[in-house]
Amino acid sequence: QRVEEYAILRDLAQQALRTMEVDLQAGNKPRGGHEGAFGEPYQNYQWKLSATELEDQDPKPPLPVSRVTLSVARSDPPGPTYFVQTVWPESLVP
């Protein structure tokens with residue numbers, strides 16, 4: 001059962017991150033703000049986006065970048081959390 005739960009969390013996280021990356025590739029900021037919920041049949045699952053500036057990078061990238069973390073968890077009943085991280089230019093982080 002726990003393996004099935006993590007598979008659902010992984011799939012939802014990848015779906016949310018793909019949606020945000022499509023927005024970025026289209027030149028738009030990711031839609032939806034910093035947190036939200038999924039639709040049917042996953043309305044009991046929520047996501048949250050956070051970003052941390054990457055400092056002291058060697059070599060220094062041409063643009064300032066942030067580490068973006070997307071977390072997905074079941075809210076009712078509470079369950080485990082799944083995290084996905086990527087690096088985005090700071091100007092594209094919502």
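Which strands does helix α1 lie across, and at what angle does it run to β4? This is a predicted model, and the close-ups below take the helix and then the sheet piece by piece.

**View 1. Helix α1 over the sheet.** Helix α1, residues 2-25, lies across β2, β3 and β4. Against β4, helix α1 runs at about 30 degrees.

**View 2. The sheet from edge to edge.** Here you're looking at an open sheet of four strands, ordered β1-β2-β3-β4, with antiparallel pairing. β1 (35-37) and β4 sit at the edges with a single partner strand each, so one side of each has no neighbour in the sheet. From one strand to the next, the twist averages 20 degrees.

**View 3. The β1 edge.** β1 and β2 run antiparallel and are joined by three bridges. To find your place, look for E35: its bridge partner in β2 is K48.

**View 4. β2 meets β3.** Strand β2 covers residues 45-53 and pairs with β3 in the antiparallel sense, over nine bridges. A handy landmark is L49, which stands opposite L70 in β3.

**View 5. β3 and its cover.** Strand β3 takes in residues 65-75 and is mostly covered, with eight of its eleven residues buried. As for side chains, in a regular strand they alternate between the two faces of the sheet.

**View 6. The β3-β4 hairpin.** Just two residues make up the hairpin connection from β3 to β4. β4 spans residues 78-89, and its antiparallel pairing with β3 runs over ten bridges. Among these pairs, V68 has T86 in β4 as its bridge partner.

Notes:
Residues are numbered from 1 along each chain as its sequence is written. This is a predicted model: local features need pLDDT of at least 70, side-chain atom pairs count only at pLDDT 80 or more; totals for chains, interfaces and linings use all residues. Side-chain values use heavy atoms; hydrogens and water are left out. Buried means under 20% relative accessible area, exposed over 50%, partly exposed in between (1.4 Å probe, protein chains only). Two strands pair if DSSP finds at least two bridges between them. Axes are lines fitted to C-alpha atoms, for helices over the stretch in contact, and angles run from 0 to 180 degrees between N-to-C directions. Contact means heavy atoms within 4.5 Å.
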